Amino acid sequence: MDHLPDWDFFDDDSPHDECGVFAIFAPERDVARLTFFALFALQHRGQESAGIAVSDQSHLTVYKEMGLLSQVFKEQTLRSLTGQIAIGHVRYSTTGSSEWRNAQPIHRDRNGSAIALAHNGNLVNTDELRRDLVARGVVLSSTSDTEIIAALLAEHPSGDILDALRDVIPRLRGAFSAVVLTESSVVGFRDPYGVRPLVLGRLDDRFVLASETSALDIIGAKVVREVEPGEMVWIDEDGYHFERVVERQGEALCIFEFIYFARPDSVMSGQTLYSARSRMGQELARESPVDADLVIPVPDTGNSAAIGYSSRSGIPFGEGLVKNRYIGRTFIDPDADLRKLGIRMKLNPLSSTIRGRRLVVVDDSIVRGNTTSRLVHMLFEAGAAEVHLRISSPPIVFPCFYGIDMASQDEFIAFERTVEEIAAELGATSLAYLSLDGLLRATRLDPDRFCAACFSGEYPCEVPEELRRSKFRYEGAQGR
Ligand code: SF4
């Protein structure tokens, strides 16, 4: 499939995450089924394609397709994926377009055997690595950076995958949390800044790896510990083994994991994200109070922060917008008449709650602002007396190079606009963003543990000049 509908039609105004990964070594269990359910808990991280690779200790089998997990996998397919070790992936495309050949896991022959690889993140030195592989006569069939990592491993002369990883991982620049399946083991590794999450879990006396703890919960696994930045971990018959392969470069977990990406029931760095988001709402209420009648969230991602705003401000919390939970992503392109309904395909206002009320509307972030302005318009149409937007993160003014789809700088509504100008553009009665200090305080973690470059322009790892130029509006505004 090489054409997909305009996802923005269904999407909200938040940045998009791009992937969730899972891996399991459990010879006694139905690993494909467990991977399927774990991916279910990671579906929010990517809805464009899904895939599972299994090993029966002599062959690898990969099944992947465009669509939601429930569209891709049927009972019969899962039954055919027999093996003792597996990895799985859900994808939102950032590098590489949205088409089947970019779906993961990526399979590659290697020294007479095979590997499959699934990756969450974005490399910033893809061009350099691609040039090197092509010069060596390596054929690449997709446009994704995941295939480049797989090809580097496949072409490595060592028969030992761990040796190959020890050589290849230090050559990768950017954000990556990845899992590799071989015939007899699984390996996970995380970039030296830890931009994307990866956690090791225990399932009885076997082990699993996942992007989030919610994927462990759903299969009854318990957290062992997070994979540290720059670490590799492999799981085999003897259990798990950690090894540092790249010098740790501090830590720069993407702050959007805390704001929006990860599920509220996931735990990262010891913090439950629901509680952290609720504290963001409390900070927002402290920094930007307003005289109003009702606090409503933009569901679902604004829920926890709206509860926090309500509890701190004393303004009652209510549901003023009902979300169509099943819209997900679809391959059916809406016709022109449906397109006019726009945001109502996803959110519908509860007029009886909204009419005549002064609303505080809490959302997690605004990127371009298109959906937010339609939302404000819809709330006024439904009878709202005032719409005070409160955003539980700072204005996004710098692009992301680490795998988050946010468009280029001049498309951000906050780019070269004051908050008052943005409020006017959106048609809101008032607008306030949470400050960066307030946001970091709400995490209750050391501020130096996060990447917050899309707010501050301080990129944790160097971004090549040509990549910078592709996303920055002006040469003079290229962040630090
Ligand atoms: S630039 Fe923003 S979205 Fe990208 S990794 Fe850093 S905090 Fe996350």
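Asp 300 sits in the loop that links strand 17 (294-297) to helix 10 (303-313). In this predicted model, the peptide bond leading from Pro 299 into Asp 300 is cis, with omega near -10°. A second cis bond runs from Gln 104 to Pro 105, with omega near 5°. Pro 105 lies in the loop between strand 4 (85-91) and strand 5. These bonds deserve a look because most peptide bonds are trans, just as most residues other than glycine have a negative phi.

The backbone also has residues with positive phi. One of them is Asn 111, with phi near 45°, in the loop between strand 5 and strand 6. Asn 111 is partly exposed, because 15 other C-beta atoms lie within 10 Å. Ser 269, which is not a glycine either, has a positive phi of about 50°. Ser 269 belongs to the loop between strand 15 (267-268) and strand 16, and counts as partly exposed because 18 C-beta neighbours lie inside 10 Å.

From these local features we can step back to the whole chain. The chain contains 17 helices and 23 strands. Of its 480 residues, 51% are buried. If we take contacts between residues at least 6 apart in sequence, 72% of them join residues at least 24 apart.

Strand 5 and strand 6 belong to an open sheet of six strands, ordered 5-6-7-8-12-13 and paired antiparallel. Strand 5 (106-110) and strand 13 (239-244) are the edges of the sheet; each has a single partner strand, so one side of each has no neighbour in the sheet. Neighbouring strands here are turned by 20° against each other on average, direction ignored. What holds strands of a sheet together is backbone hydrogen bonding, in either a parallel or an antiparallel arrangement. At one end of the order, strand 12 (residues 231-236) is joined to strand 13 by six bridges, and the two run antiparallel. Within this pair, Met 232 stands opposite Glu 243 of strand 13.

Two helices lie across this sheet. Helix 5 (residues 145-155) crosses strand 5, strand 6 (113-123) and strand 7 (174-181), and runs at about 140° to strand 6. Helix 6 (residues 161-168) lies across strand 6, strand 7, strand 8 (186-190) and strand 12, at about 15° to strand 8.

Strand 10 (residues 206-210) gives an example of a covered strand: five of its five residues are buried. Arg 206, Val 208 and Ala 210 point one way, while Phe 207 and Leu 209 point the other. Strand 10 pairs antiparallel with strand 1 (residues 19-25) over four bridges, and Val 208 is the bridge partner of Ile 24. Strand 10 is also joined by five bridges to strand 9 (residues 199-203), again antiparallel, with Ala 210 as the bridge partner of Val 199. Strand 9 and strand 10 form a hairpin with two residues between them, and Asp 204 in the turn has a positive phi of about 55°.

Ala 221 has contacts in this region. Ala 221 lies in the loop between helix 7 (213-219) and strand 11 (222-226). Is Ala 221 buried or exposed? Ala 221 counts as buried, because it has 24 C-beta neighbours inside 10 Å. Leaving out residues up to four places away in sequence, Ala 221 touches Gly 201, Arg 202, Leu 203, Val 208 and Leu 216. Gly 201 is 20 residues from Ala 221 in sequence, yet their C-alpha atoms are 5.9 Å apart.

The next pair is made of helices. The axes of helix 9 (residues 273-287) and helix 15 (residues 436-443) come within 8 Å and cross at roughly 145°, in a right-handed crossing. Residues in the contact include Ala 276, Met 280 and Leu 284 of helix 9 and Leu 439 and Ala 442 of helix 15. By class, the contact has five nonpolar, two polar and four charged residues. In helix 15, Gly 438, Leu 439, Leu 440, Ala 442 and Thr 443 are buried. These buried residues pack against helix 8, strand 16 (271-272), helix 9 and strand 23 (450-451). After helix 15 comes Arg 444, with a positive phi near 60°.

Last comes the ligand. Among the 12 residues around the ligand, Cys 254, Cys 400, Cys 451, Ala 453 and Cys 454 come nearest. Helix 8 (255-261) and helix 16 (453-456) are the elements that each give two or more residues to this shell. The shell has 12 nonpolar residues, with no polar and no charged ones.

Conventions:
Residues numbered from 1 in each chain as written. Predicted model: local features only at pLDDT ≥ 70, side-chain atom pairs only at ≥ 80, totals over all residues. Buried ≥ 20, exposed ≤ 12 C-beta atoms within 10 Å, placed from the backbone. Contact = placed C-beta atoms within 7 Å. Near = placed C-beta within 6 Å. Nonpolar A, V, L, I, M, F, W, Y, C, P; charged D, E, K, R; others polar. Pairing = 2+ DSSP bridges. Axes fitted to C-alpha atoms, helices over the stretch in contact; angles between N-to-C directions. Left-handed = near helix turned anticlockwise from the far one by under 90°.
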